[in-house]
Amino acid sequence: MTDDAFNHDEFQLATLAIRAGHQRTHEGEHGEPIFPTSSFVFNSAAEAAARFAEGATGNVYSRFTNPTVRCFEERLAALEGGASCVATASGMGAVLSLCMALLKSGDHVVCSDSVFGSITTLFNRYFTKFGVEVSYVPPQQPENWRKAVRPNTRLFFLETPSNPLSVIADIRGIAAVAHEYGIVLAVDNCFCTPALQRPIELGADVVIHSATKYLDGQGRMVGGAVVGSKEFVGKDVFGFLRTAGPSMSPFNAWVFLKGLETLDLRMRAHSAAAMEIAQWLEQQPKVTGVRYAGLKSHPQHALAARQQSAFGGIIAFEVSGGKSAAWRFIDATRMVSITANLGDVKTTLTHPATTTHARISAAERQQAGITEGLLRISVGLEDLVDLKADLARGLSAI
Ligand SMILES: *Cc1c(COP(=O)(O)O)cnc(C)c1O
């Protein structure tokens, strides 16, 4: 069969991740081609004019569309079960494009209080300048969201599982509240990816991705995406992107395509490895707490098991002795990477209180449960014998 006759409804996720989206050219290439071109040529003046007309399809300029980028967009849309996808220069570019397409001055946003730090900065420092109001709620219970609704609420924004403490939000319940009031629900699906959780099937209107993380999976590129309906994402979000320009480059799209091909395999392997490490950490005397939704000790384990097919690769754990113990742990490791990135085949280790969450106040950190002894590990795909040995080196330095 030809890939351009590929019917998404017929195939399973692992197959779509490898094959969806490629429109084979007249060259008969097997691999997806990269189109490093800024613009596209027309056969005549009339064709050029027609291509520029409102609502016309066909390539004009790579800020608008590019065949390699489109291949990535169609593949991710198929995986998330959305009708449209718009690829962006970064995950934050995706959040910005969503908000610029949806919000106007006087609108109100309800945002989970456990989201990626730059998202709160984007709302608090920039969107408030243009008269958009934002409230933050603990995301777990749908009732928290209902209580925050105002007549001018346009958007619910959440991330589940959250970073770094794996707080789980009930997507189905929150979607029901959103739709009762005509509010758009956007879910950042960065930690699970569609391999483990499909928010649109659970009722979300929009899925946000930082492709930088698991979609690439090998720490190479920065990128993002917005997935949703043809009406909203295909027209409004795309309309903002083509005008304002936070577009994905064709080279990056090609790398993300290669990343998606192993997504299902990687996410299952990351989840299995993280489960083993989480259980191992729970048994270590110097570890005072482990937060991983796969553990029975996680307060929302049952909810996570209902809406996710596995629990992903990110674990937060607390060592006794506060910041100095956490830093000694980090400095005693030899293999894991001390870096803020996550979702990589390489295991990464972070001290949230002094890095990713350093810019919020100590009181806010306390409120969010980001203690001085908390460490976040993104479990990679190295051999678990080596990983446990490295973490044991960290523990013995405390
Ligand atoms: C990294 C991240 C983002 C932002 O993505 P960038 O690609 O870094 O712009 C958004 N949400 C979550 C959950 C993230 O981890």
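Modeller: In this predicted model, a residue counts as buried under 20% relative accessible area, as exposed over 50%, and as partly exposed in between.

Biologist: What makes F42 partly exposed, and why is F52 called exposed?

Modeller: F42 has a relative accessible area of 24%, and a value that is neither under 20% nor over 50% falls in between, so F42 is partly exposed. F52 has 54%, which is over the 50% cut-off, and F52 is therefore exposed.

Biologist: Why is the pair of F42 and F52 called edge-to-face?

Modeller: Their ring centres lie 6.3 Å apart, within the 6.5 Å that a pair requires, and because their planes stand at 70 degrees, over the limit of 60, the pair is edge-to-face. F42 belongs to the loop between α1 and α2, whereas F52 belongs to helix α2, so the contact ties together parts ten residues apart in sequence.

Biologist: And what makes the pair of F72 and F256 tilted?

Modeller: The centres of these rings are 5.7 Å apart and the planes meet at 40 degrees; since that angle is neither under 30 nor over 60, the pair is tilted. It links distant parts of the chain, with F72 in helix α3 and F256 in helix α10, 184 residues apart, and both F72 and F256 are buried.

Biologist: How do you know that the length of helix α4 agrees with its expected span?

Modeller: At 1.5 Å a residue, the twelve residues 91-102 should span 16 Å, and the end C-alpha atoms are 17 Å apart, which agrees.

Terms used
Residues are numbered from 1 along each chain as its sequence is written. This is a predicted model: local features need pLDDT of at least 70, side-chain atom pairs count only at pLDDT 80 or more; totals for chains, interfaces and linings use all residues. Side-chain values use heavy atoms; hydrogens and water are left out. Helices (H or I, at least four residues) and strands (E, at least two) are DSSP runs, numbered from the N terminus. The expected span of a helix is 1.5 Å times one less than its number of residues. Rings of Phe, Tyr and Trp (its six-membered ring) pair if their centres lie within 6.5 Å; planes under 30 degrees apart count as stacked, over 60 as edge-to-face and the rest as tilted. Buried means under 20% relative accessible area, exposed over 50%, partly exposed in between (1.4 Å probe, protein chains only).
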